[in-house]
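Could you walk me through this model in my viewer, one selection at a time? I would like to know what to pick next and what I will find there.

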Amino acid sequence: MLGKGILKGLVETARNFFGSYAEKERLTTVQFPEERLVQPEAARVFPFLLYDTDDAEKGLRCVACKICEVECPPKCITIEKSTEKKPDYAGNYAGKPQFYPAKFSIDVSVCMSCQICVEVCPFDAIKMDTAFELSTDDRFGGLLWEKDRLTKSNEYYHLIHPTEAAEVDAQLAGKKAKAEAKPAAAAATTGAAAAR
Ligand code: SF4
Ligand code: SF4
């Protein structure tokens, strides 16, 4: 019958409209900005830089390897590598000092939220945020986010992506344990050799 599809669509719309007064799950809208939906764990909007401990500078995981800068398809990441190394403050790098980004910026107006920077980072130093209210009336610089605005704590990461953050923590703990076990094993081998 002609128009059967349209009728079916209208019936479904009516069912949802009237049903939304009785069933909460049929109400798919909220009174934004007074009300906000909790972002699902899988939400991905814009990258941020992770730091451990309570010090954003010292605990920053990024070692300025620039892999994300090279791999970012629209080239919206700009990194300036430090000239000196900083101590392994959070113990992520087996106690070895690392370079860090003296400057790290992302152009929000260019980023296409592809998450490639996250996929390629070997140090779990960059992750996707769920915050989506990024508009600004500052045309000059408002959308170019520098390091101080990009850095967020591991606690925040756990808040927005709890499952993923727990997995990353477990992997890092495994790497740490492996790195700590190495000198102990070497010392044991040396001791055994000396005893022979
Ligand atoms: S999400 Fe994609 S476009 Fe945005 S900074 Fe990362 S790699 Fe670049
Ligand atoms: S965020 Fe990761 S991939 Fe990008 S420069 Fe830092 S350590 Fe390297």
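How many helices and strands does the secondary structure of the protein come to? Six helices and six strands. Before you select anything, keep in mind that this is a predicted model.

**Start with the whole chain.** Colour the protein by secondary structure and follow the elements from the N terminus: they run α-β-α-β-β-α-β-β-α-β-α-α. The radius of gyration is 24 Å, well over the 16 Å that the globule rule gives for 196 residues, so the protein is more spread out than a compact globule. If you draw a box along the principal axes, the C-alpha atoms fill roughly 95 × 45 × 35 Å. Colouring by burial adds another view: 17% of the 196 residues count as buried.

**Next, colour by domain.** Select 1-36 for domain 1 and 46-182 for domain 2, as the domain assignment gives them. Place a marker at the centre of each, taken over C-alpha atoms, and the distance between domain 1 and domain 2 comes to 41 Å.

**Now pick the first sheet.** Select residues 77-81, which are strand 2, and residues 101-107, which are strand 3. These two strands pair in the antiparallel sense over five bridges. For a close-up, show Glu80 and its bridge partner in strand 3, Lys103. Then add strand 5, residues 144-145, which pairs with strand 3 in the antiparallel sense over two bridges. Here Asp107 stands opposite Leu144 of strand 5. Together the three strands make an open sheet in the order 2-3-5, with antiparallel pairing. Its edges are strand 2 and strand 5, each pairing on one side only.

While you have a sheet on screen, a reminder may help: strands of a sheet pair through backbone hydrogen bonds, either parallel or antiparallel.

**Move to the other sheet.** Which order do the strands of the mixed open sheet have? Three strands form this one, in the order 4-1-6. Select 126-129 for strand 4 and 151-153 for strand 6 to see the edges, where each strand pairs on one side only. From one strand to the next, the twist averages 55 degrees. Now add residues 46-51, strand 1, which runs parallel to strand 6 and is joined to it by three bridges. One pair to display is Tyr51 with its bridge partner Ser153 in strand 6.

**Then visit ligand 1.** Which residues are the closest to ligand 1? Of the 14 residues that surround this ligand, the closest are Cys72, Cys111, Cys114, Ile116 and Cys117. Colour the shell by residue class, and it divides into 12 nonpolar, two polar and no charged.

**Finish at ligand 2.** Select Cys62, Val63, Ala64, Cys65, Lys66, Ile67 and Cys68, which are among the residues around ligand 2. Extend the selection with Ile79, Cys121, Phe123, Ala125 and Ile126, which are also around ligand 2. By class, the shell of ligand 2 has 11 nonpolar residues, no polar and one charged.

Terms used:
Residues are numbered from 1 along each chain as its sequence is written. Chains are lettered from A and ligands numbered from 1 in the order in which they are written. This is a predicted model: local features need pLDDT of at least 70, side-chain atom pairs count only at pLDDT 80 or more; totals for chains, interfaces and linings use all residues. A residue is near a molecule or strand if its C-beta atom, placed from the backbone, lies within 6 Å of it. Ala, Val, Leu, Ile, Met, Phe, Trp, Tyr, Cys and Pro count as nonpolar, Asp, Glu, Lys and Arg as charged, and the others, Gly among them, as polar. Two strands pair if DSSP finds at least two bridges between them. Helices (H or I, at least four residues) and strands (E, at least two) are DSSP runs, numbered from the N terminus. Axes are lines fitted to C-alpha atoms, for helices over the stretch in contact, and angles run from 0 to 180 degrees between N-to-C directions. Domain bounds come from an automatic or database domain assignment. The radius of gyration is taken over C-alpha atoms; the globule rule is 2.2 Å times the number of residues to the power 0.38. A residue is buried if 20 or more other C-beta atoms lie within 10 Å of its own, exposed if 12 or fewer, and partly exposed in between; C-beta atoms are placed from the backbone.
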